[in-house]
Amino acid sequence: MNLNKVNLAIIGLGYVGLPLAIEFSKFHSVIAFDIDENRIDELKSDIDTTLEVSSDEIAASKNIIFTSNKKKLKEANCYIVTVPTPIDDHKKPNLNALLSASKVIGEALDLGDTVIYESTVYPGCTEEDCVPVLEYHSNLKFNKQFFCGYSPERINPGDKKHRLPDIKKITSGSTQATAEFVNKLYKQIISAGTHKVETIKIAEASKVIENIQRDLNIALVNELSIIFNKLEIDTNSVLEAAETKWNFMPFRPGLVGGHCIGVDPYYLTHKAQEIGYYPQIILSGRRLNDTIGTYITSQLIKLMIKKYIPVRGAKVLIMGFSFKENCPDIRNTRIAPMIAEMKEYGLEVDFYDPWVDEHEVFNEYKLKPVSKLNKTYYDAIILAVSHREFQKMGVDKIRSFGKEKSVIYDLKGILRKNETDLRL
């Protein structure tokens, strides 16, 4: 396909799809499609609730048509899919959005068109799960009448330093010619460059292991934190000392949520089990990270008992709810299950987060954040997310939210060791 004749359609306008549409609109006409009509209305008003793109950037992008009308997709000849790929309640891949997007594209697909997937999947998913849907709904033959590419997203929500053009892009295609086209297409918008690989499966696998590696490293420091706490050694002090060696990797303990690190490992382990291999290390790391909230709850209760603070009926403030700092993303936040567990012990839990949307939190978790913090009200305060607002507060202001006999549990190293009662 000639780059000068590309008419793009981006399917899914979340944290990944919207920045992609903005960048490509500098070179091509873009049909920006999402099934969420509220999201489309927001974007038409130059509002991005994910905070990945500014209102000025949206307003300046004149080559974008925001729509939820499937018929508009017939005007495109190159489709990029950026829909979520979550897991279900049994920690199995949930491909519903991906397959639905493939169906919508299949109904619009024409001779010579190209479909590029960016959603994180297990190796083989594009060709084994998505392509049959495209073929069925288009009545076209794969690699003869239409073609596919895979270029995994690497967006880091809330990161204003490493934005889409600044992150090297992996590219691949179902044929050599398609791979070359996909690579040239992304080179238009990625100033950091591209890395073309031989097959779609290699590209799929490379993406999924990026987050598995981070998950395992965090699991390691979480386990070290448990050990060091039992030895009455401050974990952060140990890590700061170890980091003086040039090749020590700087990971910190904490809750592991979000749509990537807490989800992607299950995609590869699912595929591994399909072919008869039961992963040991990957799942061990996942189990530890999924249960760190339980450990935090038990540590808090022990601390309260030591300080002679009655547990049942005690008021706890959790500062932070999004899955990471300086970001409104609440997908797979591990704060929600931790709140549920604390309530089982009879604790009364409030949480405060200046970044999250109250309605989104309630719709997703049936929880409601407090809108302001009351002084001398709480028996325990947990610093769970290192938002810049919390870092600026300082220990005196944070302490002011607690009663005279209260405790602070710092999960993120926001305060100095001598300013908090316990650090993870």
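In the predicted model, strand 9, helix 12 (residues 335–344) and strand 10 form a β-α-β unit of right-handed sense. The two strands of this unit, strand 9 (residues 315–319) and strand 10 (residues 348–352), are paired in the parallel sense through 5 bridges, and within the pairing methionine 319 is placed opposite tyrosine 352 of strand 10. Both strands belong to an open sheet of 5 strands with the order 10-9-11-12-13, in which the pairing is parallel. Strand 10 and strand 13 (422–423) occupy the edges of this sheet, and because each has a single partner strand, one side of each is left without a neighbour in the sheet.

Strand 9 and strand 10 are also connected through their side chains, since lysine 315 forms a salt bridge with glutamate 348, with the closest N and O atoms 3.6 Å apart. This pair links distant parts of the chain, lysine 315 being in strand 9 and glutamate 348 in strand 10, 33 residues apart. Lysine 315 is partly exposed, with a relative accessible area of 21%, and glutamate 348 is likewise partly exposed, at 42%.

A second set of parallel pairings is centred on strand 5 (113–117). Strand 4 (78–81) and strand 5 run parallel and are joined by 4 bridges, with isoleucine 80 standing opposite isoleucine 116 of strand 5. Strand 5 in turn pairs with strand 6 (146–150) in the parallel sense over 5 bridges, and here valine 115 stands opposite cysteine 148 of strand 6. Each pairing is accompanied by a helical connection: strand 4, helix 4 (96–108) and strand 5 make a right-handed β-α-β unit, and strand 5, helix 5 (125–138) and strand 6 make a right-handed β-α-β unit as well.

In a regular strand the side chains alternate between the two faces of the sheet. In strand 5, Asp113, Val115 and Tyr117 point one way, whereas Thr114 and Ile116 point the other way, and all are buried. Because 5 of the 5 residues of strand 5 are buried, this strand is largely enclosed by the rest of the structure.

The largest nonpolar core comprises 36 residues, and those with the most contacts inside it are Leu73, Tyr79, Leu98, Val115, Tyr117 and Cys148. At least two residues of this core are supplied by each of strand 1 (8–11), strand 2 (30–33), strand 4, helix 4, strand 5, helix 5, strand 6 and helix 7. The greatest contribution comes from helix 4, which gives 5 residues to this core. Val115 and Tyr117, which are among the core residues with the most contacts, point the same way from strand 5.

Side chains of opposite charge can pair when their charged atoms come close. The salt bridges of the model number 25. One of these joins aspartate 290 to arginine 286, with the closest N and O atoms 2.8 Å apart. Both residues lie in helix 10 (residues 281–290), where a spacing of 4 residues places them about one turn of the helix apart, and both aspartate 290 and arginine 286 are buried. The pair is part of a wider arrangement, in which Lys91, Asp215, Arg286 and Asp290 are linked in a network of salt bridges. A further salt bridge is found between arginine 331 and aspartate 329, the closest N and O atoms being 2.7 Å apart. The two partners differ in their exposure, in that arginine 331 counts as partly exposed at 29% relative accessibility, whereas aspartate 329 counts as buried at 2%.

On the surface, Ile227, Leu231 and Ile233 make a nonpolar patch of about 250 Å². Leucine 231, one of the residues of this patch, is located in the loop between helix 7 (200–230) and helix 8 (235–242). With a relative accessible area of 52%, leucine 231 is exposed, because the value is over 50%. Helix 7, which precedes this loop, is also among the elements that supply at least two residues to the largest nonpolar core.

Technical notes
Residues are numbered from 1 along each chain as its sequence is written. This is a predicted model: local features need pLDDT of at least 70, side-chain atom pairs count only at pLDDT 80 or more; totals for chains, interfaces and linings use all residues. Side-chain values use heavy atoms; hydrogens and water are left out. Patches are made of residues with over 30% relative accessible area and no salt bridge: like charges are joined within 9 Å, nonpolar side chains (Val, Leu, Ile, Met, Phe, Trp, Tyr) within 5 Å. Accessible areas come from the Shrake-Rupley method with a 1.4 Å probe; for residues, only the protein chains shown count as cover. A salt bridge is a side-chain nitrogen of Lys or Arg within 4 Å of a carboxyl oxygen of Asp or Glu. Buried means under 20% relative accessible area, exposed over 50%, partly exposed in between (1.4 Å probe, protein chains only). Two strands pair if DSSP finds at least two bridges between them. A crossover is right-handed if, with the strands pointing away from the viewer, the path from the first strand over the helix to the second runs clockwise. A nonpolar core is a set of buried Ala, Val, Leu, Ile, Met, Phe, Trp, Tyr and Cys residues joined through side-chain atoms within 4.5 Å.
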